[in-house]
Amino acid sequence: MALDLEEQEQVEELKAWWKQHGGLIGAVVLAAAVAFAGWQGWRWYQVSQSTQASVLYDTITKAAQANDAKALRDSAGTLVESYPRTLYASMGALVAARYYFDRNDLKTAKAQLQWVRDHSPSDDFKDLARLRLAAVLLDEKAYDEAMKLIETKPADAYEAQYAAMRGDILVAKNQAAEAKAAYKLALEKSDKKDGGFQESVRMRLEALGG
């Protein structure tokens with residue numbers, strides 16, 4: 001069916017508009033498609049990284065339970081070198097640190113905790129690593145260094161544990177009055193549901209005559 005004059009004018013206007021703007025529209029559509037493909041690729045990459053990291057973390061936990069030092073060392077090394085930005089790397093380093101601490105290999109335990117402190121993407125894991133590193137330093141009688149570590153304000157969830165650690169360090173430094181204050185703060189900040197922690201702190205406080 002033939003177009004009337006008005007319809008023909010509209011078609012010509014559309015052709016002219018497309019001739020002027022069609023290239024830009026095509027470029028925008030192409031850029032959007034490339035961006036979407038890139039986002040999908042990045043998402044797939046992250047899922048792949050997380051999956052592979054989780055396998056290594058599982059290997060670390062099983063090696064620790066089986067007292068397989070070689071498997072734990074190899075898996076922990078691969079995990080932090082190949083997948084450092086995953087949470088599994090931080091978790092694996094914390095498991096490895098506990099393994100080495102329990103076997104009195106304080107140097108290696110400190111190295112694992114220091115890695116978490118320096119590289120973990122999680123502030124919670126960094127807080128936990130500082131707390132455990134302070135415990136290792138306390139065991140080594142490096143009291144001032146341990147105290148310096150826990151002077152950094154942690155997340156609210158760790159305030160009670162940091163206060164208790166401060167109390168332990170002050171006891172070691174023969175500063176009983178300051179230690180009592182730290183233990184009292186630990187009780188004040190602790191979750192009432194955590195009866196085991198509170199009882200432990202109370203026993204330390206009572207030992208000081210508090």
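Colleague: Before we discuss helix pairs, what are the axes, and between which directions do the angles run?

Modeller: Axes are lines fitted to C-alpha atoms, for helices over the stretch in contact. The structure discussed here is a predicted model. The angles run from 0 to 180 degrees, and they are taken between N-to-C directions.

Colleague: How are helix 2 and helix 3 oriented towards each other, roughly parallel or roughly antiparallel?

Modeller: The axes of helix 2 and helix 3 (residues 87-102) come within 9 Å and cross at roughly 150°. Angles over 145 degrees count as roughly antiparallel. Helix 2 is therefore, relative to helix 3, roughly antiparallel.

Colleague: How many nonpolar residues does the contact of helix 2 with helix 3 have?

Modeller: From helix 2, the residues that meet helix 3 include Leu72, Ala76 and Val80. Among their partners in helix 3 are Tyr88, Ala89 and Tyr99. By class, this contact has 1 charged residue, 1 polar residue and 10 nonpolar residues.

Colleague: Is Ser75 buried or exposed?

Modeller: Ser75 has its place in helix 2 (residues 69-82). Leaving aside residues up to four places away in sequence, Ser75 touches Leu56, Thr59 and Ile60. Its relative accessibility is 9%, and buried means under 20%. Ser75 therefore counts as buried.

Colleague: Which class, stacked, tilted or edge-to-face, fits the aromatic pair of Tyr57 and Tyr88?

Modeller: A pair of aromatic rings is described by the distance of the centres and the angle of the planes. A search of the whole structure finds 2 aromatic pairs. Tyr57 in helix 1 (residues 5-66) and Tyr88 in helix 3, 31 residues apart, link distant parts of the chain. Their rings lie 5.9 Å centre to centre with 45° between the planes, and the pair is tilted.

Colleague: What kind of pair do Tyr99 and Tyr100 form?

Modeller: Both Tyr99 and Tyr100 are buried. Their ring centres are 5.4 Å apart, and their planes stand at 85°. Planes over 60 degrees apart count as edge-to-face. The pair of Tyr99 and Tyr100 is therefore edge-to-face.

Colleague: What is the handedness of the crossing of helix 4 and helix 5?

Modeller: The axes of helix 4 (residues 106-119) and helix 5 (residues 123-139) come within 8 Å and cross at roughly 155°. Helix 4 is therefore roughly antiparallel to helix 5. The crossing of these two helices is left-handed.

Colleague: How many charged residues belong to the contact of helix 4 with helix 5?

Modeller: Lys110 and Arg117 are among the residues of helix 4 that meet helix 5, where the partners include Lys126, Arg130 and Asp139. The residues of this contact divide into 8 nonpolar, 1 polar and 6 charged.

Definitions and conventions: Residues are numbered from 1 along each chain as its sequence is written. This is a predicted model: local features need pLDDT of at least 70, side-chain atom pairs count only at pLDDT 80 or more; totals for chains, interfaces and linings use all residues. Side-chain values use heavy atoms; hydrogens and water are left out. Helices (H or I, at least four residues) and strands (E, at least two) are DSSP runs, numbered from the N terminus. Angles under 35 degrees count as roughly parallel, over 145 as roughly antiparallel, 65 to 115 as roughly perpendicular and the rest as oblique. A crossing is left-handed if the near helix is turned anticlockwise from the far one by less than a right angle, and right-handed if clockwise. Contact means heavy atoms within 4.5 Å. Ala, Val, Leu, Ile, Met, Phe, Trp, Tyr, Cys and Pro count as nonpolar, Asp, Glu, Lys and Arg as charged, and the others, Gly among them, as polar. Buried means under 20% relative accessible area, exposed over 50%, partly exposed in between (1.4 Å probe, protein chains only). Rings of Phe, Tyr and Trp (its six-membered ring) pair if their centres lie within 6.5 Å; planes under 30 degrees apart count as stacked, over 60 as edge-to-face and the rest as tilted.
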